[in-house]
Amino acid sequence: RELRSLSGHGSSVSAVAFAPDGRTIVSGSYGTLKLWDVASGRELRTLSGHGNYVRAVAFAPNGRMIVSGGNDKTLKLWDVASGRELRSLNGHDSNVSAVAFSPDGRTLVSGSQDYTLKLWDVASGRELRTLSGHGKDVNAVAFSPDGRTIVSGGNDKTLKLWDVSSGRELRSLSGHGSEVNAVAFAPDGRALVSGSWDKTLKLWDVVSGRELRTLSGHGNGVSAVAFSSDGRTLVSG
């Protein structure tokens with residue numbers, strides 16, 4: 001059953017996320033983000049500052065900040081309570097297509113069409129390091145639950161695992177027949193799921209990098225994946 005429809009954006013909605021407490025939603029569109037109250041569906045405020053489409057949004061683990069990335073090549077940090085832009089992070093040479101906070105909220109990772117990932121310090125906005133290894137656009141990024149590892153997926157049909165402390169590429173996972181659009185760690189951090197334009201999802205063992213199984217059933221590309229909180233169920237779109 002559809003609970004409600006949230007209307008207010010003047011252009012296509014390209015990214016959405018729930019706050020950790022489940023009471024607020026953020027959505028991204030051309031040039032703006034909007035915050036919504038889940039219980040009432042009321043629009044709380046509009047966050048303006050991006051010069052092009054917002055491609056990715058995420059709440060900090062404490063729910064007090066939002067990060068957004070867009071086609072203006074920037075990431076922006078926002079204060080949820082006031083809607084104020086805290087800082088703009090510049091360094092990518094092309095569109096920012098994926099963003100994620102570390103579990104402790106102290107670090108950000110971004111993925112871009114410039115083929116790189118970048119790690120950022122949240123407190124200062126300083127770029128910590130660039131992770132290079134993908135041969136094409138990076139479409140998706142995620143931190144492991146312990147915050148020590150990042151997974152990325154890209155148009156080069158691979159997933160890559162990275163060590164956060166050193167920036168070193170740990171391994172590359174190959175098996176998809178087309179671009180990898182979505183990635184997620186299981187809640188226990190022992191498995192990964194990836195979704196691809198090849199119409200499949202794949203489950204992977206994080207320690208060995210071994211492909212565990214392929215999930216088929218979609219009639220077109222898979223663009224979104226998520227684990228349930230107990231790790232027993234997957235949803236894909």
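Hi everyone. A salt bridge here is a side-chain nitrogen of Lys or Arg within 4 Å of a carboxyl oxygen of Asp or Glu. Keep that in mind as we look at this structure, which is a predicted model.

How many salt bridges does the structure hold? There are five of them, and I'd like to walk you through some, including the one between Lys34 and Glu43. Their side chains come together at 3.1 Å, N to O, so the pair falls within the 4 Å limit. Now, is Lys34 buried or exposed? Lys34 is buried, at a relative accessible area of 8%, while its partner Glu43 is partly exposed at 30%.

Next, please find Glu127 and Lys118. Their side chains also form a salt bridge, with an N to O distance of 3.1 Å. On the lysine side, Lys118 is buried, with 7% relative accessible area. On the acidic side, Glu127 is partly exposed, with 31%.

One more of these: Lys202 with Glu211, a salt bridge at 3.1 Å from N to O. Lys202 has a relative accessibility of 7%, so it counts as buried, the cut-off being under 20%. Glu211 reaches 31% and counts as partly exposed.

Let's stay in that part of the chain and turn to Thr200. You'll find Thr200 in strand 18, which covers residues 200-205. Thr200 is buried, with a relative accessible area of 11%. What does its side chain meet in a polar contact? The partner is the side chain of Asp198, at 2.7 Å. Leaving aside residues up to four places away in sequence, Thr200 touches His176, Ser194, Gly195, Thr214, Leu215, Ser216 and Val222.

Just before that strand comes Lys199, in the loop between strand 17 (191-196) and strand 18. Its backbone deserves a look: phi of Lys199 is near 80°, a positive value in a residue other than glycine. Lys199 is partly exposed, with 39% relative accessible area.

Where else can you look for a positive phi? Try Lys73, a residue other than glycine with phi near 75°. Lys73 sits in the loop between strand 5 (65-70) and strand 6 (74-79), and at 41% relative accessibility it counts as partly exposed.

Now over to Ile25, in strand 2, residues 24-28. Ile25 counts as buried, at 16% relative accessibility. Which residues does Ile25 touch, not counting those up to four places away in sequence? They are Leu6, Ala17, Phe18, Lys34, Leu35, Trp36, Val38 and Phe59. You've met Lys34 already: that is the buried lysine in the salt bridge with Glu43. For a sense of distance, the C-alpha atoms of Ile25 and Leu128 are separated by 29 Å, and the two residues are 103 apart along the chain.

Let me finish with the largest pocket. About 1400 Å³ of space lies in it. The pocket is lined by 42 residues, and the closest to its centre are Val99, Val141, Ala142, Val183 and Val225. Several strands give two or more residues to that lining, among them strand 1 (15-18), strand 4 (43-59), strand 8 (96-101) and strand 12 (138-143). Strand 16 (180-185) and strand 20 (225-227) also do so. And what is the make-up of the lining: how many residues are nonpolar, polar and charged? The lining has 33 nonpolar residues, eight polar ones and one charged.

That's my tour. Thanks for listening, and I'm happy to go back to any of these places on the screen.

Key
Residues numbered from 1 in each chain as written. Predicted model: local features only at pLDDT ≥ 70, side-chain atom pairs only at ≥ 80, totals over all residues. Heavy atoms only, no water. Helix = DSSP H or I, 4+ residues; strand = E, 2+ residues; numbered from the N terminus. Buried < 20%, exposed > 50% of the residue type's maximum accessible area, 1.4 Å probe, protein only. Polar contact = N/O pair within 3.5 Å; in protein donor to acceptor, adjacent residues only side chain to side chain. Contact = heavy atoms within 4.5 Å. 1 Å grid on protein atoms, 1.4 Å probe; cavity = no way out; pocket = protein on both sides within 12 Å on 5 of 7 lines; lining within 4 Å. Points joined across faces, edges and corners; volume = space filled by probe spheres on them. Nonpolar A, V, L, I, M, F, W, Y, C, P; charged D, E, K, R; others polar.
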